[in-house]
Amino acid sequence: MKDMIFILILTLITAYNISIIFLGYKKSWTNVLNYKYSYMLAIVYNVNLILSELSHSIIMEKSIPIISLFFFRQLIIDFYRSMEMKISNTIKIIWFHVTPLVFLFFVSVDILRGIANKVGVSGDIGAYDLLMIIGVILYQLSVFVDLFKINYLSRKDSLPRYQQVYLAHMLVNFLFVFITLGVFISKQIEENIIISGLLFTLYLIFLTVNYIRPEWLPHAYTVRLMVHDHQINKEKTVRSRDRRSLDGLTGVFTREYFLRYIETLDTNDDALSIILMQMTGLKLINESFGFDVGDEIVQKNSVIICDLFPNATVARMTGSLFAIMTSKESEEEISQKIRKIKELSNSNQDYIIHLNFGYYMRKNEDLLPLDVYLRSVEELYYNRLIINQKHQNQIADMLVKNQSKSSVLLNEHLERCAHLASMFGEFLKLSDEEICDIRNGALLHDIALVKMPTIESYHVSFSDDFEKRVYESHVSKGYDIAIESGINPSTAQGILHHHEKYNGSGYPHGLKGEAIPFVAQVICLIDHIDIIFNTGKKIKKVRDHLISKIGVEFSSEMVYNMIAFLEEEGMIEADI
C-alpha cells in the first residue's frame, strides 16, 4: 500500500513536470525555459523511481543516485546560465562537470559485474552502495553551498527591492542542506531516495516561482540589472586594487579614471569616437520618488550602453552623464546604436527620461583623445540646446507624467492650468514661443509640490515656520528641475516667480510691479483662476473679486484681459 502511494505521488509529480515544460514552451515562460533541462532530468528521475518500484530491477535501482547526480549537475549549469555567469574556477569545473561521469563509470562497472555474476538484488544497502550514496550527498551539498554563496554575494550589492529574492534563495538552499544532512544522520537513506523526486520538483518550483519577474521592472533588462549587481561585486572582488576606478552603482569606470585613461591612448587611431549621453528628468525622479528609483534607472541605462557597446570604454562622468569611447565604428553604426538606446531606455518604463547625445569622431585629424572628448562635450551642449528648443512641450509633458504618480489632484490642476494658459495666450495674440513659455510654465509651476505634506485641495496651512519655508521652497526647487531638464530660462523664471505679488508682498524675492516677469504674472493669475473654478473655494462675483486684486496681486492690464477672456469663453457673464 505504501509503495502504491509513493508511485501515485511520483506519477502526479511527473505529469506536473511534463505540463510545466509544455506550457513553458507554448507561452515562452523564461523562468521555466531557463530550467527546462533540469525539469527533464527530474522527469527521468521520477520515471526511473516508478519503474524501479514496479520491477525491482537492479539496473533501475543502481541508476537512481547517478540520475540525481546529473540532475544537480544540470541544475547548477542552468542556474549559472540564468544569471549569465560562467563557472571560472578550474577545480569547480572538474568537480561539477566530471564527478557525475566518474560515478556513472563505477556504477556501470558494478551493474555489469552483477549481471555477469548473476547477482540478485539485495534488500539491504551494502558498503559499496553506501559509499556511492555518501558521494552523491556530498555532491548535492557542494551544489547547494555554491548556490548559497552566489546569492549571498549578489545580495550584498543589489538594490533593496531585490534583496528579498536573493535572501529567499539563501534560506531555501540552507533548508535543503539541513534536510539532506538530517536524512543521512537519521539513516533514512532509502526513504530519502523515494521522496527525493518530490524534493527535486519542489526545488524547481521554488526557482521558477521566486524568479525575477519582468513586471517588477517592466522590461527585458530586469534580469540583466540584477545580474549586473553581481558582476559589480565580482569586479570589486577580483580587482580590489582598482576599486576606486569603478563606479559603485553601475560598475563602469569613474570620470577620474576615464580622463586619465584617454591620455594614454594611441593618438594615431583615426577611428576614435567619444559619445556622451545625458539623462534629463532624473533630478525630479530622485526628489519625488527617492534615490532608489533614480539609481535603478541609472543602472538600467548603464546595462543598455554596455550591451550595445560591448568593446567600448564606458564611464559615468556625473550622476546623469555617461561617456562611451569606441573605435572602428562608422557614424551610421553610432547613430543606429543611439536610436536603440533611446528606444530601450523608455520602453515599458513607468518613469520617462529624456536622453541627450553628443559625439565627435576623429577623421584624419591631429587631435589628442582629450580634444576629441572636449569636442564631444561641445556637441552635447549644442545638440541639447537645439533639440530642447524644438521639444519644450515634450520635455514638460515628460516631467509632469513622472510626477503624476504622486498626486492625481495636483496633476489635474497642472494640466488644467496649462490648457487655460494656452487659450489665454492665444486670446492675447502672443507669439508661438510666448504661448509655449506660459503653457509650460503653467504646467510645471507646482512640479516640486509632489512631496509637500500640507497641501490639500489647494488649501495650504502650516503648523510652524519651518513647514512654511519648506512649502515656499517649491518655487526654487521647481526652477532647478526646469533648468536641469532643459526648459527655457524664461519659462523657468516664470516658475520661480509665480508666487510674487504686484505690491511686492510675495516670494521668493519680493519683486514688485513690472519687475515680475510677464510669464510669472500670467502663471500666477491662471493658478488663481483654476482655484476659483475647480476647488471648494467658490466665489460668486468673480469679476468683482479679480478687480479687488488689482495693485495687490495682479496688474490692472492683466486682470481686465483675463475678465475679457473669461467672458469670451462663457466662464462668467458679460458686464452689460
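The expected span of a helix is 1.5 Å times one less than its number of residues. The exercises below apply this and related ideas to a predicted model.

**Exercise 1. Helix α12**

Task: Determine how the reach of helix α12 (residues 291–308) relates to the expected span, and how many of its residues are buried.

Solution: Begin with the length, since helix α12 has 18 residues, and the expected span at 1.5 Å a residue is 26 Å. Next take the reach from the first C-alpha of α12 to its last, which is 26 Å and thus close to the expected value. Finally turn to the surroundings of α12, which is mostly covered, with 13 of its 18 residues buried.

**Exercise 2. The order of the sheet**

Task: Work out the strand order of the open sheet, and explain which strands stand at the edges.

Solution: The sheet is open and consists of five strands in the order β1-β3-β4-β2-β5, with mixed pairing. At its edges stand β1 (253–254) and β5 (354–361), each of which has a single partner strand, so that one side of each is left without a neighbour in the sheet. As background to the pairings that follow, strands of a sheet pair through backbone hydrogen bonds, in either a parallel or an antiparallel sense.

**Exercise 3. Pairings around β2 and β4**

Task: Trace the pairings of β2 with β5, of β2 with β4 and of β3 with β4, giving the sense, the number of bridges and the residues that face each other.

Solution: Start from strand β2 (residues 273–280), which pairs with β5 in the antiparallel sense over eight bridges. Within this pairing, Ile 275 has Tyr 359 of β5 as its bridge partner, and Leu 276 stands opposite Gly 358 of β5.

The second step concerns β2 and β4, which are also paired in the antiparallel sense, here over six bridges. Ser 273 has Thr 326 of β4 as its bridge partner, while Leu 276 stands opposite Ala 323 of β4.

The third step moves to strand β3 (residues 313–316), which runs antiparallel to β4 and is joined to it by four bridges. Val 314 stands opposite Ile 324 of β4, and the two strands β3 and β4 form a hairpin with four residues between them.

**Exercise 4. Burial of β2 and β4**

Task: Decide, face by face, whether the residues of β4 and of β2 are buried or exposed.

Solution: The cut-off to apply is a relative accessible area under 20% for a buried residue. In β4 (residues 321–326), Leu 321, Ala 323 and Met 325 are buried on one side, and Phe 322, Ile 324 and Thr 326 are buried on the other. Because six of the six residues of β4 are buried, this strand is largely enclosed by the rest of the structure.

For β2, the side that carries Ser 273, Ile 275, Met 277 and Met 279 is covered, and so is the side that carries Ile 274, Leu 276, Gln 278 and Thr 280. Eight of the eight residues of β2 are buried.

**Exercise 5. The buried face of α19**

Task: Identify the buried residues listed for helix α19 (residues 474–484), and explain how they are arranged around its axis.

Solution: The buried residues are His 474, Val 475, Gly 478, Ile 481 and Ala 482. Seen down the axis of α19, these buried residues fall within an arc of 125°, so they line one face of the helix. After α19 comes Gly 486, which has a positive phi near 90°.

**Exercise 6. Helices α21 and α23**

Task: Classify the packing of helix α21 (residues 518–534) and helix α23 (residues 556–568).

Solution: The two axes are 11 Å apart, and α21 and α23 pack at an angle of about 45°. The two helices are therefore oblique to each other, and the crossing in which α21 passes α23 is right-handed.

**Exercise 7. Backbone features in loops**

Task: Locate Lys 328, Lys 429 and Pro 508, and describe the backbone at each.

Solution: Lys 328 lies in the loop between β4 and α13 (331–345), and its phi is positive, near 60°, although the residue is not a glycine. At 68% relative accessibility, Lys 328 counts as exposed.

Lys 429 lies in the loop between α16 (408–427) and α17 (432–444), where it has a positive phi of about 60° without being a glycine. Lys 429 is exposed, with a relative accessible area of 72%.

Pro 508 lies in the loop between α20 (489–496) and α21, and the peptide bond leading to Pro 508 from Tyr 507 is cis, with omega near 15°.

Notes: Residues numbered from 1 in each chain as written. Predicted model: local features only at pLDDT ≥ 70, side-chain atom pairs only at ≥ 80, totals over all residues. Heavy atoms only, no water. Pairing = 2+ DSSP bridges. Buried < 20%, exposed > 50% of the residue type's maximum accessible area, 1.4 Å probe, protein only. Arc of directions from axis to C-beta. Axes fitted to C-alpha atoms, helices over the stretch in contact; angles between N-to-C directions. Parallel < 35°, antiparallel > 145°, perpendicular 65-115°, else oblique. Left-handed = near helix turned anticlockwise from the far one by under 90°.
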